[in-house]
Amino acid sequence: MESRTLDADAALASPPSGRWAPRSWREHPALQLPTWPDAAVLDDVVIQLRALPPLVFAGEARRLTRALSSVQAGKAFLLQAGDCAESFDEFSADAIRDKLKVILQMAVVLTYGSGVPVLKVGRIAGQFAKPRSSPTERVGDLELPVFRGHIVNDDLPVPAARVPDPRRMLTAYHQSTSTLNLLRAFTKGGFADLTHVHAWNQQFVASSAEGRRYEAIAEEIDRALRFMTACGVDLSTDSPIHQVDLFTSHEALLLDYEEALTREDSLSGEWYDCSAHMLWIGERTHQIDGAHVEFARGIRNPISVKLGPAAEPDEVLSLCERLNPERIPGRLTLTSRMGVDKVRRALPPLVVATERAGHPVVWACDPMHGNTFASESGRKTRHFDDVLGEIQGFFEVHRRCGTWPGGVHIELTGDDVTECLGGIEDILEEQLPLRYTTACDPRLNARQAIDLAFRVAELLRGD
Ligand code: PEP
Ligand code: CO
């Protein structure tokens, strides 16, 4: 995954076409941005953000593009996962550790299932801003400005809390730096040790009757590890197998924040959005002449675009041309989020169009956002079976098209929440209120997420 081709390097160094600057998005219509009440406070915050160190290094983003080019070539699988919205309130070392633990556990199972390296990208250390379907929401008798994520306003159901406050961008920056610092410590310091991660998976398998259906896969992974040791691979504490790479990502929604963290790389002279390794454009903001596409086209980080069931082939090809005119493999991921009932119909024309046009895209499946519905009690939820069903449909489409189903994009938490229905413990509607803590969309809990990884591993193996 680390090998770089000459072509990829040459392409990474050449400038994007057209006039672009970190602020050129301001000349384009921008959806989903808050109206900041006080321009002077905003200016002051932006000046401070610009002076703060980057969160990631451009070289790391280039490394991720190269790793994604392996996914594009069918030689790796992408696992992108984390919270729907990170929260200022639910911020702790334990929560970060537990989320990382789930991602690592899923990655081991998926590596085994896919037979290729799994590239791990968190929705973490910056995933704060939320696009919303409506600018207001009703809470009881109150009509309030909608909650747009803790980087913008607060979720308390009172009018004062909903006023956008630019100073929140500084809090988000600082929370992201400490999250990233801990993630780097965990991933390089021994916590991610393959033998630990495997032991956690064995505990998962042993801890319930439902988990035991995965005993055979866990046993095969165990045998593979023993085989590696027998072949002389050093699995002890000092070996490189204890280190993993976890890249960060979030939706590039709040452009004031993203612009302030966009820096010129001193090595290549290119612009990188140093708020995360990878950025994505959401389903509500991918208008071809909109501000978000304009911003993303000029940064050299790997980019992803979410595509809902209404996406048309022409529109998708225009996005490919605008965002990846040089056709750099790994630069552009298309993340379909169609819904379980629509993926088999809506996805094939898009896959066929990009193939015909020769656009080297990574295809990923977000099986969460097309499958949200309101439960009887009015809580937003998703059913595990729909999530799995959309992934299954996504795999079927790619099998039919002869393309590589490059990865999955999942909303999860390491906590034992009750936000999504079904799964290994079969969470029922009446259990949703027990531990429903998400700041935005419903997330798979740790056990549902690992259950999903085993199911996807079965699909990948054709079991
Ligand atoms: C999200 O990823 O949290 C999100 C809002 O997704 P989408 O833009 O696909 O609706
Ligand atoms: Co979400």
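This dialogue introduces a ligand site and a helix in a predicted model.

Visitor: Where should I begin with ligand 1, and which residues are around it?

Guide: One begins by listing the neighbours. Around ligand 1 stand Cys 84, Arg 123, Lys 130, Pro 131, Trp 280, Gly 282, Glu 283, Arg 284, Lys 306, Arg 337, His 369 and Glu 411.

Visitor: How many residues of each class does the shell around ligand 1 have?

Guide: Seven residues of the shell are charged, three are nonpolar and two are polar.

Visitor: Which polar side-chain atoms lie at short listed distances from an oxygen atom of ligand 1?

Guide: One reads the separation between pairs of N or O atoms, with 3.5 Å as the cut-off for a polar contact. Lys 306 places a polar side-chain atom 2.7 Å from a ligand oxygen, and for Arg 284 the corresponding distance is 2.9 Å. In the side chain of His 369, an N or O atom is 3.0 Å from an oxygen of ligand 1. On its own, ligand 1 has 290 Å² of accessible area, of which the protein covers 98%.

Visitor: How many residues does helix H5 have, and what should they span?

Guide: A helix can be checked by its length. Helix H5, residues 168-188, has 21 residues; at 1.5 Å a residue it should span 30 Å, and its end C-alpha atoms are indeed 30 Å apart, so the two values agree.

Visitor: Which elements do the buried residues of H5 pack against?

Guide: Their partners are helices H2 (39-51), H4 (93-114) and H8 (255-260), together with strand E5 (246-251). The buried residues of H5 include Leu 170, Tyr 173, Leu 180 and Phe 186.

Visitor: What phi does Gly 190 take, just after H5?

Guide: Gly 190 has a positive phi of about 115°.

Technical notes
Residues are numbered from 1 along each chain as its sequence is written. Chains are lettered from A and ligands numbered from 1 in the order in which they are written. This is a predicted model: local features need pLDDT of at least 70, side-chain atom pairs count only at pLDDT 80 or more; totals for chains, interfaces and linings use all residues. Side-chain values use heavy atoms; hydrogens and water are left out. A residue is near a molecule or strand if one of its heavy atoms lies within 4 Å of it. A polar contact is a pair of N or O atoms within 3.5 Å; within protein, one must be able to donate a hydrogen and the other to accept it, and residues adjacent in sequence count only if both atoms are side-chain atoms. Accessible areas come from the Shrake-Rupley method with a 1.4 Å probe; for residues, only the protein chains shown count as cover. Ala, Val, Leu, Ile, Met, Phe, Trp, Tyr, Cys and Pro count as nonpolar, Asp, Glu, Lys and Arg as charged, and the others, Gly among them, as polar. Helices (H or I, at least four residues) and strands (E, at least two) are DSSP runs, numbered from the N terminus. The expected span of a helix is 1.5 Å times one less than its number of residues. Buried means under 20% relative accessible area, exposed over 50%, partly exposed in between (1.4 Å probe, protein chains only). Contact means heavy atoms within 4.5 Å.
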